[in-house]
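Work through the exercises below with the model open. Each one sets a task, then solves it in steps.

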Amino acid sequence: LLAALEAEELPLQMIGDDHRQRLLSHASDEVKTAASNLFGHPTSAAEKQVVLQNYLAGATDSGDPQQGADIFQKQCAACHRFNDIGFAIGPDIAGLKDRSPGTLLKAILDPNLAVEDKYQGHNVLTLDGVVMTGVISNESSTAIELQLQEGKRQSILRDDIEWIRNTGISLMPEGFEKSIPPPEMNHLLAFLRAADLTPHPTLAPTPLP
């Protein structure tokens, strides 16, 4: 894949943020170096602060929750579930006490600022040469279970594992400022901050005869 990208047989735009992060944190140093040369090095803390301030300055209350739901489905649903959309792999958004624009923007634009251990990604290399990246959701003395994006799970016997490495970072990719411009971010924030007031079909009152 990297060779095809380097030869411009494939455009860089075809590689999404999550796949870029997987390549940039790959188990192989050779792959990581090649990916860094293609996609650039991670944004520095100072650069992230500038991006955050720019988004905060552009934050308004004019966002459309429905458009935000569409953006959430496209950009966030692989790892987060909110208002019955997506997969519950990352932290529970609905359980957040503070869903102010500042808190949400910081979590979206700088996802590795504070990552709980249980949400850190792990690279697993099997004896047959397959590399998988996910969150360890369960483990025993004989096997581990990796939780992958889009709700997929993979059970791997420890006897089949060559090594496991903690990436120390979230599965959530950095760089959403490249794919979610400020106007769209306002729609996403409106969706994440809106209370779900729609009655669940199974809880709707039964009409009287």
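A pocket here is an open set of grid points where a 1.4 Å probe fits, with protein on both sides within 12 Å along at least five of seven lines. The model is a predicted one.

**Exercise 1. The largest pocket**

Task: Give the volume of the largest pocket, and find which helix gives the most to its lining.

Solution.
1. Start with the volume. The largest pocket comes to about 1200 Å³.
2. Now locate its centre. The lining holds 45 residues, and H80, P111, M172, P173 and F176 are the closest to the centre.
3. Assign the lining to helices. At least two residues each come from α2 (17-24), α5, α6, α7 (176-179) and α8.
4. Pick the main contributor. With five residues, α6 gives the most to this lining.
5. Sort by chemistry. The lining divides into 26 nonpolar, ten polar and nine charged residues.

**Exercise 2. The nonpolar cores**

Task: Find which residues have the most contacts inside the largest nonpolar core, and which elements supply it.

Solution.
1. Count the members. The largest nonpolar core has 23 residues.
2. Rank by contacts inside this core. F72, I108, M185, L188 and L192 have the most.
3. Map the core onto elements. Two or more residues each come from α4 (45-58), α5 (65-75), α6 (101-109) and α8 (182-193).
4. Name the top supplier. It is α8, which gives five residues.
5. Take L192 as a test case. Beyond four places in sequence, L192 touches F72, F82, I93, R99, L104 and I108.
6. Look for another core. A second, separate one has nine residues, among them L2, L5, V31 and A34.
7. Add the general rule. In soluble globular proteins, nonpolar side chains tend to be buried together.

**Exercise 3. Two helix residues**

Task: Decide whether A69 is buried or exposed, then do the same for N186.

Solution.
1. Place A69. It sits in helix α5.
2. Apply the cut-off. A69 has a relative accessible area of 10%; buried means under 20%, so A69 is buried.
3. List the contacts of A69. Leaving aside neighbours within four places in sequence, A69 is in contact with I85 and F191.
4. Check a distance. A69 and A34 are 35 residues apart in sequence, and their C-alpha atoms are 35 Å apart in space.
5. Place N186. This residue lies in helix α8.
6. Apply the cut-off again. N186 is at 9% relative accessibility, so it counts as buried.
7. List the contacts of N186. Not counting residues up to four places away in sequence, N186 touches G58, A59, T60 and G63.

**Exercise 4. Strand β5 and its partners**

Task: Work out in which sense β5 pairs with β4 and with β6.

Solution.
1. Take β4 (residues 131-139). It pairs with β5 in the antiparallel sense over four bridges.
2. Read the link. A hairpin of three residues joins β4 to β5.
3. Turn to the other partner. Strands β5 (residues 143-147) and β6 (residues 153-157) are also antiparallel, over five bridges.
4. Check the loop between β5 and β6. This hairpin has five residues between the strands, and E150 takes a positive phi near 60°.
5. Set the register. Q147 stands opposite V135 of β4 and opposite R153 in β6. E145 stands opposite S155 in β6.
6. Finish with burial. Four of the five residues of β5 are buried, so the strand is mostly covered.

Note on methods. Residues are numbered from 1 along each chain as its sequence is written. This is a predicted model: local features need pLDDT of at least 70, side-chain atom pairs count only at pLDDT 80 or more; totals for chains, interfaces and linings use all residues. Side-chain values use heavy atoms; hydrogens and water are left out. Two strands pair if DSSP finds at least two bridges between them. A nonpolar core is a set of buried Ala, Val, Leu, Ile, Met, Phe, Trp, Tyr and Cys residues joined through side-chain atoms within 4.5 Å. Buried means under 20% relative accessible area, exposed over 50%, partly exposed in between (1.4 Å probe, protein chains only). Contact means heavy atoms within 4.5 Å. On a 1 Å grid over the protein atoms alone, a cavity is a set of points where a 1.4 Å probe fits but cannot get out, and a pocket is an open set with protein on both sides within 12 Å along at least five of seven lines; lining residues have an atom within 4 Å of a point. Grid points are joined across faces, edges and corners, and a volume is the space filled by probe spheres set on the points. Ala, Val, Leu, Ile, Met, Phe, Trp, Tyr, Cys and Pro count as nonpolar, Asp, Glu, Lys and Arg as charged, and the others, Gly among them, as polar.
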